[in-house]
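Please open the model in a viewer and keep the sequence panel visible. The tour below proceeds from one selection to the next, with a short account of what is found at each stop.

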Amino acid sequence: AWLLAQKPWIVPIPGTTKLHRLEENIASADLDFTPQDLNEIEKALAGITIQNRFASFLKYPALLVMVPAFLEDSGSLGAILAARVSTKLHLGTLGESGASWRAATDDVMLVYLYAIPVFVFLGLSSTVVASVLNKTGPGIVDMLGVSLIAGFLATSASVVVGFYSAVATHRFGLDPDNHAIPLVTSSLDLLGALSLILAIVILGLA
């Protein structure tokens with residue numbers, strides 16, 4: 001049911017050999033999730049993802065200081081792109097064809113430019129807050145590294161999710177404020193958590 005709710009054109013293929021499991025899968029088509037329901041599910045998945053790598057955060061509790069603001073900032077960047085693309089689609093200055101990506105290049109680059117100071121500030125401020133709270137951290141260089149690497153990964157994810165969410169909501173005549181932006185922010189809770197964990201692994205802090 002969660003997979004069906006991601007995009008109107010997604011068709012899951014059940015991989016079961018049991019009849020009762022197939023009936024359960026078919027019954028999921030009757031479930032309707034609100035954007036708020038999807039948001040709660042994505043937050044739960046993000047929490048599970050971080051919990052599976054909790055040892056890294058126990059070793060350096062300063063990394064935990066970064067998590068809430070990081071997830072919020074990642075979702076906000078995607079929401080900015082979704083809003084800009086939605087506006088251009090409604091004004092008719094951007095089409096839904098494959099050329100849309102090229103036409104939205106300025107908006108995509110703008111989101112990446114926004115991301116640089118956002119994640120630099122996040123890395124620095126998280127280090128300061130962790131120091132004030134007397135939380136062990138890997139050092140300012142690694143904190144900045146985690147923030148910037150994870151920030152780049154999360155921004156890339158937010159660009160893809162934000163763009164296609166805006167196009168899908170426009171194509172199906174849905175309100176972007178009620179569908180595209182909540183989809184972006186909830187998806188980035190999970191994708192942002194994965195980006196943080198990947199950055200921690202890349203820097204050898206796991």
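Begin by selecting Lys88, which is partly exposed, with a relative accessible area of 25%. The model on display is a predicted one. Lys88 sits in helix α5, and its partner is Asp107, with which Lys88 forms a salt bridge whose closest N and O atoms are 2.8 Å apart. Asp107 belongs to helix α7, and the two residues are 19 apart in the sequence, so that the pair links distant parts of the chain.

**Second stop: Asp107 and its partners**

Select Asp107 next, in helix α7. Is this acidic residue buried or exposed? Asp107 counts as buried because its relative accessibility is 0%, and buried means under 20%. Show the residues around Asp107: apart from neighbours within four places in sequence, Asp107 is in contact with Leu81, Arg84 and Lys88.

Add Arg84 to the selection. The side chains of Arg84 and Asp107 meet in a salt bridge, with 2.7 Å from N to O. This pair also links distant parts of the chain, since Arg84 is in helix α5 and Asp107 in helix α7, 23 residues apart. Arg84 is partly exposed, with a relative accessible area of 35%.

With the three side chains displayed together, a network of salt bridges linking Arg84, Lys88 and Asp107 can be traced. How many salt bridges does a search of the whole structure find? The search finds 2.

Before leaving this site, draw a distance between the C-alpha atoms of Asp107 and Val159. They are 9.4 Å apart in space, although 52 residues separate them in sequence.

**Third stop: the whole chain**

Zoom out and colour by secondary structure. The protein chain has 9 helices and 0 strands. Read along the sequence, the pattern is therefore α-α-α-α-α-α-α-α-α, with helices numbered from the N terminus.

Of the 206 residues in the chain, 37% are buried. Among contacts between residues at least 6 apart in sequence, 81% join residues at least 24 apart. Switching on the surface shows about 11,000 Å² exposed by the protein chain, of which carbon and sulfur atoms supply 65%.

**Fourth stop: the nonpolar core**

In soluble globular proteins, nonpolar side chains tend to be buried together. To inspect this aspect of the model, hide the surface and select Met66, Phe70, Leu81, Val85, Val146 and Leu196. Among the 37 residues of the largest nonpolar core, these touch the most other members. Helices α5 (62-91), α7 (105-132), α8 (140-171) and α9 (180-202) each supply at least two residues of this core. Which helix gives the most? The answer is α5, with 11 residues.

Centre the view on Val146. Leaving aside neighbours within four places in sequence, the contacts of Val146 are Leu63, Met66, Gly151, Leu196, Ala199, Ile200, Leu203 and Leu205. Two of the core residues selected above, Met66 and Leu196, thus appear in this list.

**Fifth stop: Ser195**

Move to Ser195, in helix α9. With a relative accessible area of 7%, Ser195 is buried. Display the backbone of Leu191 as well: its oxygen lies 2.8 Å from a polar atom of the Ser195 side chain. Beyond neighbours within four places in sequence, Ser195 is in contact with Phe70, Ala150, Leu153 and Ala154. Phe70 has already been selected as one of the core residues that touch the most other members.

**Last stop: a nonpolar patch on the surface**

Finally, restore the surface and select Leu113, Ile116, Val120, Leu124, Ile140, Val141 and Leu148. These residues form a nonpolar patch with about 600 Å² of accessible area together. Helices α7 and α8 each supply at least two residues of the patch, and the largest share, 4 residues, comes from α7.

End on Leu148, in helix α8. Leu148 is partly exposed, with a relative accessible area of 37%. Asp107, at 0%, may be selected once more for contrast: that residue is buried.

Methods:
Residues numbered from 1 in each chain as written. Predicted model: local features only at pLDDT ≥ 70, side-chain atom pairs only at ≥ 80, totals over all residues. Heavy atoms only, no water. Core = buried A, V, L, I, M, F, W, Y, C linked by side-chain atoms within 4.5 Å. Buried < 20%, exposed > 50% of the residue type's maximum accessible area, 1.4 Å probe, protein only. Contact = heavy atoms within 4.5 Å. Patch = residues over 30% accessible without salt bridge, like charges linked within 9 Å, V, L, I, M, F, W, Y side chains within 5 Å. Areas by Shrake-Rupley, 256 points an atom, 1.4 Å probe, with all protein chains shown as cover. Salt bridge = Lys/Arg side-chain N within 4 Å of Asp/Glu carboxyl O. Polar contact = N/O pair within 3.5 Å; in protein donor to acceptor, adjacent residues only side chain to side chain.
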